[in-house]
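I opened my notebook to keep a record of what I looked up, one entry at a time. The sequence and the structure go first, and my notes follow.

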Amino acid sequence: QAAYESLGEQARQAAHLRIGRLLLQHYDETQISQELFAIIGQLNLGLHLITERQEKRQLATLNLQAAKQAKLASVWDAALAYANTGVELLNEHSWQSDYALSFELHSVQVECEFLVSNHQQGKVLAEKLLEQAQTPLEKARICLLLGSQQITLELDYCIAKGLEGLTYCGLPTPTLAQIDDALVKQEHHKIDVLLEQQDWKEHTK
């Protein structure tokens, strides 16, 4: 401990990076375990000394794995920290050269911002992610996430985003301005007709 305390900041970062690299050599990336968090803890403390693009990408991928595992365990602050670190490791060309990794990291980052109640930050990042999303399904996923935040974001905004998400799924939807009492009654009538057509005895067998 005394020897560690005597080191300068850059020397400490170099020590952590060296330890992390040694641990990573014996780690099976296909088998996610608690060892992952120990390795990432070391590597992240020395990440500013990493210069090779491939090593940065590898560490970004490891941080994505850790963020997902922490999110599943409901350790949301840690999940957000890992996601933020992963995003930091991307470069300005990552959206073009490494789209899948970039999208997944940013998606987890957005979800975690909402989970830790950083609602406005989540909204801002989600809108930016929506601009980068390439497929209708990805765009729908982002819109429906925004649409589910009615308690914390503006209700009209959430409804509009939910409707936008449904259009990306190929479903015909009205605009927010088109929704009125007459349209609601019409849709309720359609639901009632569908319910009347159901053979409920089949569902109780």
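At what angle do helix H4 and helix H7 pack, and how far apart are their axes? Before answering I wrote down that this is a predicted model. I then found that H4 (residues 53-72) and H7 (residues 99-115) pack at an angle of about 35 degrees, and that their axes are 10 Å apart. I also noted the handedness, since H4 passes H7 in a left-handed crossing.

Next I listed the residues that make this contact. From H4 I wrote down Arg57, Ala60, Thr61, Leu64, Ala67, Lys68 and Lys71, and from H7 I wrote down Leu101, Glu104, Leu105, Val108, Glu111, Cys112 and Leu115. When I sorted the contact of H4 with H7 by class, I had 8 nonpolar, 1 polar and 5 charged residues.

My second entry is about helix H3. I looked for its buried residues and found Leu36, Ile39, Ile40, Gln42, Leu43 and Asn44, and I noted that these buried residues pack against helix H2 (9-25), H4 and H5.

From there I moved to helix H5, where threonine 85 lies. Is threonine 85 buried or exposed? Its relative accessible area is 15%, which is under the 20% cut-off, so I entered threonine 85 as buried. Leaving aside its neighbours within four places in sequence, I found threonine 85 in contact with Asn44, Leu47 and Asn63.

The third entry is about aromatic rings, for which I counted 3 aromatic pairs. One of them joins phenylalanine 37 and tyrosine 82, with 5.8 Å from centre to centre and 50 degrees between the planes, and I recorded this pair as tilted. Why does this pair tie together parts that are 45 residues apart in sequence? It does so because phenylalanine 37 lies in helix H3 (residues 35-45), whereas tyrosine 82 lies in helix H5 (residues 76-89). I also checked tyrosine 82 by itself, and with a relative accessible area of 17% this residue is buried.

For tryptophan 95 and tyrosine 99 I noted ring centres 5.6 Å apart and planes at 55 degrees, so this pair is tilted. Both tryptophan 95 and tyrosine 99 are buried, and together with Phe103 they form one aromatic cluster.

My last entry concerns a charge and a ring. I found that the charged end of lysine 123 sits over the ring of tyrosine 157, at 4.2 Å from the centre of that ring.

Conventions
Residues numbered from 1 in each chain as written. Predicted model: local features only at pLDDT ≥ 70, side-chain atom pairs only at ≥ 80, totals over all residues. Heavy atoms only, no water. Phe/Tyr/Trp six-rings, centres within 6.5 Å; stacked < 30°, edge-to-face > 60°. Helix = DSSP H or I, 4+ residues; strand = E, 2+ residues; numbered from the N terminus. Buried < 20%, exposed > 50% of the residue type's maximum accessible area, 1.4 Å probe, protein only. Lys NZ or Arg CZ within 6 Å of the ring centre and 35° of its normal. Axes fitted to C-alpha atoms, helices over the stretch in contact; angles between N-to-C directions. Left-handed = near helix turned anticlockwise from the far one by under 90°. Contact = heavy atoms within 4.5 Å. Nonpolar A, V, L, I, M, F, W, Y, C, P; charged D, E, K, R; others polar.
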